[in-house]
Amino acid sequence: MRAGAFVYPWDVVGDPAAPGRLAELGLASVTLASAYHSTRALTPRHPAHRIVTAEHAAVLYPPDPARWSGRALRPYEAGEWAPGDAYGEAGRALADAGLEVHTWVVLAHNSRLGAERPETSVLNAYGDRYPWAPCIAQPDARAYLVDLAAEAAVRPGAAGTELESCGWYGLAHLHAHDKTAGVPLGDRAQYLMSLCFCPSCRQGYEDGGVDPDALAAAVRGALEPVWAGGDGAGVGLGLGSFEEPVLAWRTRTARALQEAAVGAVRAAAPAGFRVLLHADPVPYRCGANVGTEPGHVLAVADGVVTPAATVGPFGVAARPGSVLAANFGVVSGMGGSPGALAEDAERAVAEGATELRLYHAGLASDADLAAVAEALRALG
């Protein structure tokens with residue numbers, strides 16, 4: 001069974017043993033971050049450090065000055081956590097160890113952009129901004145994300161790319177010192193809290209025959225039971241007659257970004273370059289695995305990376321040659337189950353999975369990696 005694992009450049013740069021250690025797991029490929037959001041990451045085996053703090057979203061290679069000259073929105077370069085061409089250095093070392101390298105590109109998730117250019121961010125029905133979530137309906141933001149996808153995906157030596165958060169981002173966010181769990185929010189409430197009311201989105205609602213002020217009032221009304229301690233359960237997504245036109249507009253907007261981003265990557269890439277999207281099969285969901293319509297996304301991209309639990313709907317919609325990569329957490333300390341990987345992978349294959357993705361080889365302990373190696377040997 002073909003398996004790949006996620007890796008950061010800082011897991012490899014400065015650790016000559018890292019590429020060989022990854023190859024010995026039985027991996028066919030690695031998905032190496034080339035554009036990534038802010039994070040604090042453990043590096044349990046690195047000879048020079050144990051904690052890496054990526055202070056802001058950044059590209060992990062030198063961006064092309066000609067592409068970005070004069071642009072108001074442009075990628076940020078990394079600081080000391082990934083200096084110079086950290087992606088390129090890591091990619092070459094991994095390829096020399098016999099691993100196929102694919103880029104890992106995070107798009108609509110950028111807290112620094114939202115802090116410096118707040119008008120680019122999602123604005124909820126209460127008037128609160130989400131600085132980590134660029135609004136994909138805004139033309140300038142969309143153009144920036146499409147160009148970032150092309151540049152960060154097609155790095156020298158890469159055989160393909162995986163585009164994360166290529167769609168709507170919303171409320172859910174692994175934020176530092178997060179204090180938002182006091183009132184549990186289910187899928188319905190997460191959706192309502194993720195609807196954007198920036199000028200571009202308001203115009204989109206109006207174009208669909210929806211009064212944005214009335215919509216915002218309906219969102220707030222639908223959420224009142226949640227803030228009072230109820231579950232907010234109701235019919236559909238809780239927006240009554242607004243529900244269908246709002247979801248249709250958001251779905252069209254996400255589809256347009258996905259089509260443009262994949263098209264830009266393919267225009268810049270050599271023949272045979274593979275493009276996958278991190279995806280969820282429920283169109284209204286937001287986040288790293290963006291909500292999609294399975295039939296549409298599998299017609300646009302070469303395949304998807306999706307949590308193992310959501311492989312099934314993509315399996316039903318798959319075309320001949322579609323890549324369905326089932327994503328498994330293999331870091332025990334983050335809720336992963338590397339000891340059950342072989343059994344879980346067999347279930348995912350029965351649902352239609354054609355490959356495995358393992359999150360995350362750089363973060364996992366030695367014991368977790370040993371369990372992964374054993375599982376991959378069993379799977380053959």
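## A walk from helix α13 to the main pocket

Start by selecting helix α13, residues 341-351: Leu341, Asp344, Ala345 and Ala348 are buried there (buried means under 20% relative accessible area, exposed over 50%, partly exposed in between, with a 1.4 Å probe and protein chains only). Look down the axis of α13 and these buried residues fall within an arc of 100°, so they line one face of the helix; the arc is taken from the directions from the helix axis to the C-beta atoms. An α-helix has 3.6 residues a turn, so residues three or four places apart point the same way. Helices here are DSSP runs of H or I with at least four residues, strands are runs of E with at least two, and both are numbered from the N terminus.

Before you go on: this is a predicted model, where local features need pLDDT of at least 70 and side-chain atom pairs count only at pLDDT 80 or more, while totals for chains, interfaces and linings use all residues. Residues are numbered from 1 along each chain as its sequence is written, and side-chain values use heavy atoms, with hydrogens and water left out.

Swing to the other side of α13 for Glu346 and Ala350, which are exposed. Now show α12 (311-317), β13 (323-329), β14 (355-359) and α14 (366-379): the buried residues of α13 pack against them, contact meaning heavy atoms within 4.5 Å. Just after α13 comes glycine 352, with a positive phi near 125°.

Next, pick aspartate 280, in strand β10 (residues 274-280). Aspartate 280 is buried, at a relative accessible area of 10%. Its side chain reaches the backbone nitrogen of valine 282 at 2.8 Å, and a 3.2 Å polar contact links it to the side chain of arginine 285. A polar contact is a pair of N or O atoms within 3.5 Å; within protein, one must be able to donate a hydrogen and the other to accept it, and residues adjacent in sequence count only if both atoms are side-chain atoms.

Last stop: alanine 28, in the loop between α2 (18-23) and β2 (29-36). Alanine 28 is partly exposed, at 26% relative accessibility. Turn on leucine 99 too: alanine 28 and leucine 99 are 71 residues apart in sequence, yet 5.9 Å apart in space, C-alpha to C-alpha. Leaving aside neighbours within four places in sequence, alanine 28 is in contact with Arg2, Ala3, Leu99 and Glu100.
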